[in-house]
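I open this notebook to record what I looked up in one structure. The entries follow the order in which I made the look-ups.

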Amino acid sequence: MMKKLLRKPMVIAGALFILLLLVGSFLYSALVEPPQPEKMLYDGNGDVVALAPFPPSATFPLGSDIDGNNFMLKLLEGAKFTIGLSIIVALGRMVLSFIGGYLLFLLPASFRKFLAGLADTFHYAPVTIFTYVLIAPVVMTFSWSYSTPTKIIFPMLVLMLISVPVLSLYVQKELDLIAQKEFIDSAKVMGGSHFHIFKAHMAPFLNPKLLIIFIQQVGQVLIVFAHLGLLRVFIGGTDVRVLEYDITTGEATTAAFTMSNEWAGLIAQNFQYVNSFPWMILAPVTAFALTILAINGIVYGLKSGPTYKRKRKKTKAPNVSYTVNAESFELRN
Amino acid sequence: MARSFFTKTALQFLLTSIGIFLIGSLPYLLFNMKSQLEVLKMIERNELNNTLFLSDNIVTNVDAYFANIIDTIGIIFSGNATQYYASGGQWPLFPKFWEAYIQSMQYLVVSLFVALVFAILLTILTMLLPSNKRGIPKAFLFIMESLPDIFIILITQIAIIWIYKKTEILLFNITSGFGEQAILLPVLVLSLLPALYIYKYLLLSFEDEEKLLYVELARGKGLNRSRILLIHIFRNSIFTLFNHFKGIFLFALANLLMLEVIFDISGFMTFIFEHGVLNNEIVTMGLFMIFLPSFLFFTIMQWLLNKSFNVMGDS
């Protein structure tokens, strides 16, 4: 299995990219003390050259945010939350839809058709809208009444559950396809129990497919994260900072900041600057794009057959000439 | 045969409609919507300044859920001019919602059409290449379709601003202002990604068809390449394309939402996004407004295709 995977350059490249990002992110938070942001840049004489946010330059490869923090480092720090959360959500989706798919597989066909008809609803509106309508009350609209754990866990649950119907049906279809094969019938005749048939005969066919769907789901979840970020939803927890107090009434003007530098949160937080400081939104979106590209690379590599084949050396048939004469034959009685 | 198609379609229609109602009212199942809305109204009327003492949990209000489903059904079937709640007041839903709908659907339909034309042209051009030289367009396709939609939409927008700054030529209106609508650019951007998907599926199906025996026979008979492509292979891949078209449509809808947010178009999707949370009947209505015409379209197309391909009966 490992050897086969190693022969696929796309899989290696994609996995390496994500692994490096995750490791770098963890190491960065563990080892490096974040530098104090400078709101102003000085030249050699101590004169102010620029005010934050700084555009992309040598010291700030992806520019800086409104406080003068290096965006590159912010993204690196947020990577573990974004990718980690998307892996957790995708894993949750897979486990739930596997259970759902197996249950559907055991259920009669008429009931399955009924559920498939209901699940067809998801084909007429983007998942982002459904997710938003369910998440927004907790995170934004009625945000005063829900506790912080609820605000983090509930969106994750919604993100998991929203695609379970469609995925379960997919798993059930795959199970059905495998169950139609002849060797399953033979196994049944030989007296294999339900569980044994599943474990020994169906799982080997299902597992590679589930792996591919899992990785695809990680990409899907990342896309939904990015979309939700654009819809101003913070997934990784919201940190409400007081910007200023009204002198007459004492009312506070507050703004939401992402607690964790999580990428979708960065999009949400900086979308207001899209026209004036485009790099502030382009940086997290590009981070999303690259990660999704890496994931799709892995999926593509896994789906296609082995791309790297050792070329067989063409051995020329030796030109040997034979001469056949009367002594080559011997007579037998 | 035709009857079984009809009953199947009717059943499907019924089930999906039930599904829409079930999903549209879901917030009422999970949240105490009525009390929450009361609080929100009090805050917006400045009757309530401090909300620290309020707390609530995720609940399962089965009664409120079904009551709300019945309410929503009532609202939709009575056809009364409904109102929606936003920023402290009740506003009439129509014709605002309707105008937004018409505008967004224009974008959607036009760009899907543009996407289709572009994709077919691209596929045919690619197929005219010898099979060992199709790698480059395929690699390009892979990279483009792997990028998330918001990345591509943002990049196009920023690129156009950049061109404007450098050359003072505004290629397109970037955002919709007062009275004037940005039309060309949204349509082009919206058609970009669906075009890529259609191109991908068409190319796959063309390449599958190319290996079949009838193509070999046609070649053996001496028909030229473009004729085989345009007439024979194309005709047979329409069916595959149609099967994928539902997915592409959904994908275009997701793009539409992002496009409206980024380009600041106050269209149908942003309307649902802005007001759907407080007025869940807008979500249900919006879903129906997408579902009804597209379901009609898909059903008619399916029926026509079935008729012309003679595949009625099985399944």
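The entries below cover chain A, the contact between the chains, the salt bridges and two single residues.

**Entry 1. Status of the model.** I note at the outset that this is a predicted model. I therefore kept in mind that local features need pLDDT of at least 70.

**Entry 2. Chain A as a whole.** I looked up the secondary structure of chain A and found 11 helices and four strands. I then checked burial: of the 333 residues in chain A, 45% are buried. For the surface, I noted that chain A exposes about 18,800 Å², and that carbon and sulfur atoms supply 64% of that area. I also looked at how far apart in sequence the contacting residues lie. Among contacts in chain A between residues at least 6 apart in sequence, 66% join residues at least 24 apart.

**Entry 3. Extent of the contact between the chains.** How many residues does each chain bring to the contact? I found 57 residues from chain B and 49 residues from chain A. The area buried between the two chains is about 4,800 Å², with 80% of it given by carbon and sulfur atoms. I asked which three residues of chain B supply more of the area it buries against chain A than any other three. They are Phe142(B), Phe273(B) and Val277(B), and they supply 12% of the area that chain B buries against chain A.

**Entry 4. Polar features of the contact.** I counted one salt bridge between chain B and chain A. For polar contacts between chain B and chain A, the count is four residue pairs, both residues being at pLDDT 80 or more. I next recorded which helices of chain B each supply at least two residues of the side that touches chain A; among them are helix 1 (2–24), helix 3 (33–44), helix 10 (225–262) and helix 12 (280–309). By residue type, the side of chain B that touches chain A divides into 43 nonpolar, 11 polar and three charged residues.

**Entry 5. The salt bridge between the chains.** I looked up the salt bridges over all chains and found eight. Which residue of chain A does Lys246(B) pair with? The partner is Asp120(A), with the closest N and O atoms 3.6 Å apart. Lys246(B) lies in helix 10 of chain B, and Asp120(A) lies in the loop between helix 4 (109–119) and helix 5 (127–141) of chain A, so the pair joins two chains. I then asked whether each partner is buried or exposed. Lys246(B) is partly exposed, because its relative accessible area is 26%. Asp120(A) counts as buried, because its relative accessibility is 9%.

**Entry 6. A salt bridge within chain A.** I found Glu174(A) in a salt bridge with Lys209(A), the closest N and O atoms being 3.0 Å apart. The pair links distant parts of the chain, since Glu174(A) is in helix 7 (residues 164–179) and Lys209(A) in helix 9 (residues 194–230), 35 residues apart. Glu174(A) is buried at a relative accessible area of 9%, and Lys209(A) is partly exposed at 37%.

**Entry 7. Salt bridges within chain B.** I found Glu145(B) in a salt bridge with Lys200(B), with 3.3 Å between the closest N and O atoms. This pair also links distant parts of the chain: Glu145(B) is in helix 6 and Lys200(B) in helix 8 (residues 184–210), 55 residues apart. Glu145(B) has 17% relative accessibility and so counts as buried, the cut-off being under 20%. Lys200(B), at 23%, counts as partly exposed. I further recorded a network of salt bridges that links Arg134(B), Lys138(B), Glu207(B), Glu210(B) and Arg219(B).

**Entry 8. Met156(A).** I located Met156(A) in helix 6 (residues 148–162) of chain A. Met156(A) counts as buried because its relative accessibility is 9%. The C-alpha atoms of Met156(A) and Ser86(A) are separated by 9.2 Å, although the two residues are 70 residues apart along the chain.

**Entry 9. Ser104(B).** I located Ser104(B) in helix 5 (residues 96–128) of chain B. With a relative accessible area of 0%, Ser104(B) is buried. What is Ser104(B) in contact with, leaving aside its neighbours within four places in sequence? I listed Leu256(B), Glu260(B), Gly267(B), Phe268(B) and Met269(B).

Key:
Residues numbered from 1 in each chain as written. Chains lettered and ligands numbered in written order. Predicted model: local features only at pLDDT ≥ 70, side-chain atom pairs only at ≥ 80, totals over all residues. Heavy atoms only, no water. Contact = heavy atoms within 4.5 Å. Buried area = accessible area lost by both parts, 1.4 Å probe. Salt bridge = Lys/Arg side-chain N within 4 Å of Asp/Glu carboxyl O. Polar contact = N/O pair within 3.5 Å; in protein donor to acceptor, adjacent residues only side chain to side chain. Nonpolar A, V, L, I, M, F, W, Y, C, P; charged D, E, K, R; others polar. Buried < 20%, exposed > 50% of the residue type's maximum accessible area, 1.4 Å probe, protein only. Areas by Shrake-Rupley, 256 points an atom, 1.4 Å probe, with all protein chains shown as cover.
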